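Visitor: Could you take me through one part of this model up close? I'd like to look at the place where the two chains meet.

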Amino acid sequence: MQKLRLFYCVVAAAVLIPAAAFAASAVSEGERLGKPCAGCHATNGYAPGEYIARIGGQNPEYMTKVMKEFAAGKRTGSVEMSLLAKGYSEADLAAISEYYGGKAWKNSANKIDSKKSAAGLKLAKVSGCFDCHGAKGEGIDAFPRIGGQNSGYLYEALKRYKTDKITSEEMALVKDMSDSQLESLAQYFSGIRK
Amino acid sequence: MSITRRNFIKYTSAAVAGASVFGQVNTASAATGVIMPKKGKRIVVLGGGWGGCTAAKYAKMEDPSVEVILVERDPKFISCPISNLVIGGQKTMKDITFTRDKLAKNYGIKIVYTEATALDPVKKALTTKAGTLEYDKLIVSPGISYDYAAIEGLDNPAAIKKFPAAFKAGAETVALREMLVAMKPGGVVVLAVPPAPYRCPPGPYERASLIANYLKKNKKGSKIIVVDANDDVTSKGPLFKKAWADYYKDILEYIPDAAVTKVDASTGVITTEKGEIKSDVANIIPTMTAGKSAFDLGLMNKPEDKFVRADAYTLESYNFKDVYVIGDATHNGAVGGVPKSGYIANSMGKVAASAAVRTLNGQEPLAPSLINTCYSMVNDNEAIFVAAAYKYDAVSKRIISAAGGTSPERSVLFGHHAEDWALGIWNDILG
Ligand SMILES: Cc1cc2nc3c(=O)[nH]c(=O)nc-3n(C[C@H](O)[C@H](O)[C@H](O)COP(=O)(O)OP(=O)(O)OC[C@H]3O[C@@H](n4cnc5c(N)ncnc54)[C@H](O)[C@@H]3O)c2cc1C
C-alpha cells in the first residue's frame, strides 16, 4: 500500500509540475491551491469547530475521490464543497488532497458525551466499522480516517449515507440506524484521542 | 503631550531588539529616526487586521529566515465577522476580541503597536509614530475609512456618535447594541446601506435581519427600515428577501434606491432620496474608501481613485515597486471582481506574502488562487451563504471567479458552518 501511495504521488507531481517548474519552488501546486482552503478548514486543515471537517492528515486517496465527487455533483449534501470544487481541475483536486493528506493528523478537541460515546462503541463493534476504518478509526487503504474527526461533521456525513445523499455500498449498513444511533457513532469516533 | 512613549508603543517580547533603539524616539508623534535597523531580509506588514495578520503569518511559514514586522495601531484584534451577532444579542464583545500574541510566540513575528504615517518608496522606509522602519518588501492592509462628508450633517462628532456605522468592530458595535437595548418598544430603527463597493456586501442585510429578529422578540411594535443606496440587495438578494418575508413581514421594510443625503443629530431625522424618516435609532453606514493610510502613503494611482490599484497576479501596487496592497483597500477594477470580505483579505494575504517572499529570494511569484465563503445569519440559528473559488485569468489579467454560487436555501446546518467558519479562519489568521 505504502508503495502504491508513493507511486500515486509521483504521478500526480509529474502531471502538475511543468507550469511551476521554472520557478524552482519549494511551494507545491497543492500548497498554492490548497492554502486558501484554510480559511474554513484552519491552518494545516486542523478545523477547530464541530461541523467543518479536519482535513490535515486525512487519507489523500480518499480525499481525492471525494473531491472529484464534489466536483461531479455526486455529494450534493456538501453544498459549499459542491460549489467550490467545480473551480478546480481533477489534477488540482488531487494535488490539494496530497497537500493536506501529507500533514500529520491531529485529533479533534470537540466535547464528547460519554454516554453516547459508549453506546457508539458497542454499535461500532457489532457493525464492523473497525474492519475498514481500523482499530482506532485511523483508516485503512482507501477508507477514511474517522477517529478524532470533528463530531458534527461525522454525524452529518452519516446522515447523508443513510438518506442516500452519498451512495456507498460499504456504508449501506447505516440505513437501518436511527439518527440517535448515528449520533452515538459520531460521538464515539470523534472522541478517539489515541 | 502627557502620553509617554511607553503607553503608546508596545513591543511584544519577540521585538526586544527594537527596545534598544527606544532612546532615539523622542515623542510619539515626532519620531523620525530608524528603529530596529534592518540586518537581513525583511518584510514589513502594515495593518494587523484580516489581510495583514495572514500575510505576516504566511510569510513566516513560507520562509522563517525572513524577518517579519507587523505594524498595527490597535493592541486588540476585534473581528467584524460575527460582530452583527453582538448587535443582535447572540454573542458578546468577548467572543470577537482577540490578541495577536500567538503570531509573535508561534512564528517569531515582531509586532510594533503604533501608527504608520508616511512612506518613502525610494529609501524603502515606512514612517510610524514610533520611528522609521526600513523594509525590503512592504505589504499594506489598511482596511477601509468612512467618507462621513458625503452625507450632509454627518461629519461632526455629535452626529457620528448618534449614528454609529459599526462597520469597524469595536466601540461602534457596542454603541449600536446599547442604543437598540435602550430603545422603547414601538421605536423606529433606520439602517442605511452605502453605495457599492463597500466592505462585506451582505453585511448590512445580515445586520438588518438580526436587528429585526431582536425587535420581534424584545421590542413589540418596533420597526426597522432599511434604506439602500443601491437599486437592490447587493448580495444573496432572493435569500434575504425570502427570510424577511417569512420572519419579519411587519417588522422589516426595505426601500431600494434611497441613498441618505442628510442626517440631523438633534432630531434623528434621516433624509433619503425617497423622503424623510424620523428615527429612534439609526445605523448610518457611510460610503467607504480604502483606509486613510492608503492615501497618506501615496498609493492612489489616479486622482479620483478611492481604492488602491494593484497587479492582480502579485498584488504589488501600481505606484510603488515592492509595496503590495491587500484586502478591502484594493481596487476591483485592477485586481478583479472579488468581494471586500475577510476571507478574500485572508486569501490575498497568502498571495502577497508568497509573492513577496519568493521575489525576495529571486524566485518567480506563483499564480494567485483565492476562495471566498461568506455566511449570513438570518435569525438565531439559520444562515445563508455565498461561496466562490477564484483564479488568475491571463487574458484579462484579472482575478476571476472559477466557480461559485449561493446556498439554495437557509438552514440550521449552514448556521453551524457560519460559526465554525469563524473559528477556522480566526485560527488561520491569529493562531
Ligand atoms: C459587520 C461586518 C460583518 C462582516 N462579516 C464578514 C463575514 O462574515 N465574512 C467575511 O469574509 N468578511 C466579513 N466582513 C468583512 C471583513 O471584516 C473585512 O473584509 C476584513 O476585515 C478586511 O480585512 P483588511 O485587512 O482589509 O482590513 P481590517 O481587517 O480592517 O484591518 C485593517 C487594520 O489596519 C490597521 N491600520 C490601518 N491604518 C493603520 C495605520 N496607519 N497604522 C497602523 N495600523 C493601521 C487597523 O487598525 C486595522 O487593524 C464583515 C465586515 C463587517 C463590518
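Guide: Sure, let's start with the charges: between chain A and chain B there is one salt bridge. It pairs K35(A) with E62(B), and their closest N and O atoms sit 3.3 Å apart. Keep in mind that this is a predicted model.

Polar contacts come next, and 13 residue pairs make them between chain A and chain B, with both residues at pLDDT 80 or more. Now look at chain A's side of the meeting place. The elements that each give two or more residues to it are α3 (29–34), α4 (38–41), α6 (79–84) and α10 (151–162) of chain A. Of these, α6(A) gives the largest share, at four residues. By character, the residues on chain A's side that touch chain B split into 19 nonpolar, seven charged and five polar.

Stepping back to the whole interface, 31 residues of chain A are in contact with 41 residues of chain B. As for size, people often quote the accessible area lost when the parts come together. Here the area buried between chain A and chain B is about 2,900 Å², and carbon and sulfur atoms give 64% of that.

While you have chain B on screen, have a look at N230(B) too. You'll find it in the loop between β13 (223–228) and α10 (237–247) of chain B. With a relative accessible area of 12%, N230(B) counts as buried. Its side chain reaches the backbone oxygen of P194(B) at 2.9 Å, and a polar atom of that N230(B) side chain lies 3.0 Å from the backbone nitrogen of A196(B). Beyond its neighbours within four places in sequence, N230(B) is in contact with several residues, including Y198(B), Y205(B), Y254(B) and D257(B).

Technical notes:
Residues are numbered from 1 along each chain as its sequence is written. Chains are lettered from A and ligands numbered from 1 in the order in which they are written. This is a predicted model: local features need pLDDT of at least 70, side-chain atom pairs count only at pLDDT 80 or more; totals for chains, interfaces and linings use all residues. Side-chain values use heavy atoms; hydrogens and water are left out. Buried means under 20% relative accessible area, exposed over 50%, partly exposed in between (1.4 Å probe, protein chains only). A polar contact is a pair of N or O atoms within 3.5 Å; within protein, one must be able to donate a hydrogen and the other to accept it, and residues adjacent in sequence count only if both atoms are side-chain atoms. Contact means heavy atoms within 4.5 Å. Buried area is the accessible area (1.4 Å probe) that two parts lose on being put together, summed over both. A salt bridge is a side-chain nitrogen of Lys or Arg within 4 Å of a carboxyl oxygen of Asp or Glu. Ala, Val, Leu, Ile, Met, Phe, Trp, Tyr, Cys and Pro count as nonpolar, Asp, Glu, Lys and Arg as charged, and the others, Gly among them, as polar.
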